[in-house]
Amino acid sequence: TFSIRDESFNAAAAKQYFLFARIGQSRFSFCVLDNSRNKFICLQSYSLDTAANSQLSDKITAIANENEILQVKNFGKVIVSLAHRKSTLIPASMYEEKHEGNYLGLNFPLEQNESSASDYIQLLDAYSIYTVSNSLQESLTSIFPSQQLYHSSSLLIESLLLQNKNQAEKKLFVFMQEGYFEVALLEGKKL
């Protein structure tokens, strides 16, 4: 466990705070931004050491039940990012929500205890489609009722396109994750 907390954190002022959480197979991390001062006031990270999605949701629920910051329910915004390899991109012109499971099935089988979810990546005009464990989704809804859920690759792609939108040369980015890696090749505004 790793924890840094600014003395200015005040649960009564949570409406002006944004909570950002990242969930991977072996780590759960979150930070809190005081939006009024544009200052991060909390960073915590937990090792999960799990093999199954059901264990993952149980461990995150246990952490949330013991962590006083995660028990605050009135954050101004809550963004949760899932980091795992079961995701794919589909151009917006070909996307239909009812076919998300079929799109995923081209690369990864959708398991019985999983559902599909998607993020629209505006700068790419495409959808990132990914799996979400049903038990994890239930836990997240309980812990963060007003959450916005994204796949980490959606946020990564949007960020890279935004940061490099005025760059004409080709750039290669490699991002090491837990048990896999992601590669992005940009040329101007193209992925």
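# Exercises on sheets, helices and cores

The face of α3 turned away from its buried side carries two exposed residues, Glu138 and Ser142. This is a predicted model, so keep it open beside you as you work.

## Exercise 1. The two faces of α3

Task: find which residues of α3 are buried, and work out how they are arranged around the helix axis.

Solution.
- Step 1. Pick out the buried residues of α3: Leu136, Ser139, Leu140 and Ile143.
- Step 2. Look down the axis of α3: these buried residues fall within an arc of 100°, so they line one face of the helix.
- Step 3. Recall the general rule: an α-helix has 3.6 residues a turn, so residues three or four places apart point the same way.
- Step 4. Now turn to the face pointing away from the buried side, where Glu138 and Ser142 are exposed.

## Exercise 2. The six-stranded sheet

Task: give the order of the strands in the six-stranded open sheet, and say which strands are at its edges.

Solution.
- Step 1. Walk across the sheet: the order is β1-β4-β3-β2-β5-β9, with mixed pairing.
- Step 2. Look for strands that pair on one side only; these edge strands are β1 (2-5) and β9 (148-151).
- Step 3. Check the twist: on average, neighbouring strands of this sheet are turned by 15° against each other, direction ignored.
- Step 4. Follow the pairing of β1 with β4, an antiparallel pair joined by four bridges. Here Ser3 has Gln44 of β4 as its bridge partner.
- Step 5. Add the helices. α3 packs on this sheet and touches β2, β5 and β9, with its direction at about 160° to that of β5. Helix α4 (residues 152-163) lies across β5 and β9, and runs at about 80° to β9.

## Exercise 3. The β3-β4 hairpin

Task: describe how β3 and β4 pair, and find the residue with a positive phi in their hairpin.

Solution.
- Step 1. Take the pairing: β3 and β4 run antiparallel and are joined by eight bridges.
- Step 2. Locate one bridge, that of Arg27 with Ser47 in β4.
- Step 3. Move to the turn, which has four residues between the strands; there Asn38 takes a positive phi near 55°.

## Exercise 4. The three-stranded sheet

Task: say which strands of the three-stranded sheet stand at its edges, and which helices pack on this sheet.

Solution.
- Step 1. Read off the order, β6-β8-β7, with antiparallel pairing.
- Step 2. β6 (87-91) and β7 (114-121) each have a single partner strand, so one side of each is left without a neighbour in the sheet.
- Step 3. Note the average turn of 30° between neighbouring strands of this sheet, direction ignored.
- Step 4. Follow β7 along β8: the two pair in the antiparallel sense over eight bridges, and Ile121 stands opposite Ala126 in β8.
- Step 5. Place the helices. α3 touches β7 and β8, its direction making about 95° with that of β8. α4 touches β6, β7 and β8, and its direction makes about 10° with that of β7.

## Exercise 5. A serine and a glutamate

Task: decide for Ser154 and for Glu7 whether the residue is buried or exposed.

Solution.
- Step 1. Find Ser154 in helix α4. Its relative accessibility is 4%, and the cut-off for buried is under 20%, so Ser154 counts as buried.
- Step 2. List the contacts of Ser154 beyond four places in sequence: Asp119, Ile121 and Ser128. With Ser128 there is a side-chain polar contact of 3.1 Å.
- Step 3. Find Glu7 in the loop between β1 and β2. With a relative accessible area of 81%, Glu7 is exposed.
- Step 4. Compare sequence with space: Glu7 and Ile41 are 34 residues apart in sequence, and their C-alpha atoms are 7.9 Å apart.

## Exercise 6. The nonpolar cores

Task: find which members of the largest nonpolar core touch the most other members.

Solution.
- Step 1. Among the 33 residues of this core, those members are Leu19, Ile23, Phe28, Phe30, Val32 and Phe75.
- Step 2. Trace the elements giving two or more residues: β2, β3, β4, α1, β5, β8 and α3.
- Step 3. Apart from this core lies another, of seven residues, including Ile157, Leu160, Leu161 and Phe173.
- Step 4. Zoom in on Val32. Beyond four places in sequence, its contacts include Phe9, Leu19, Ile41, Ile69 and Phe75.

How values were computed: Residues are numbered from 1 along each chain as its sequence is written. This is a predicted model: local features need pLDDT of at least 70, side-chain atom pairs count only at pLDDT 80 or more; totals for chains, interfaces and linings use all residues. Side-chain values use heavy atoms; hydrogens and water are left out. A nonpolar core is a set of buried Ala, Val, Leu, Ile, Met, Phe, Trp, Tyr and Cys residues joined through side-chain atoms within 4.5 Å. Buried means under 20% relative accessible area, exposed over 50%, partly exposed in between (1.4 Å probe, protein chains only). Contact means heavy atoms within 4.5 Å. Two strands pair if DSSP finds at least two bridges between them. Axes are lines fitted to C-alpha atoms, for helices over the stretch in contact, and angles run from 0 to 180 degrees between N-to-C directions. The arc is that of the directions from the helix axis to the C-beta atoms. A polar contact is a pair of N or O atoms within 3.5 Å; within protein, one must be able to donate a hydrogen and the other to accept it, and residues adjacent in sequence count only if both atoms are side-chain atoms.
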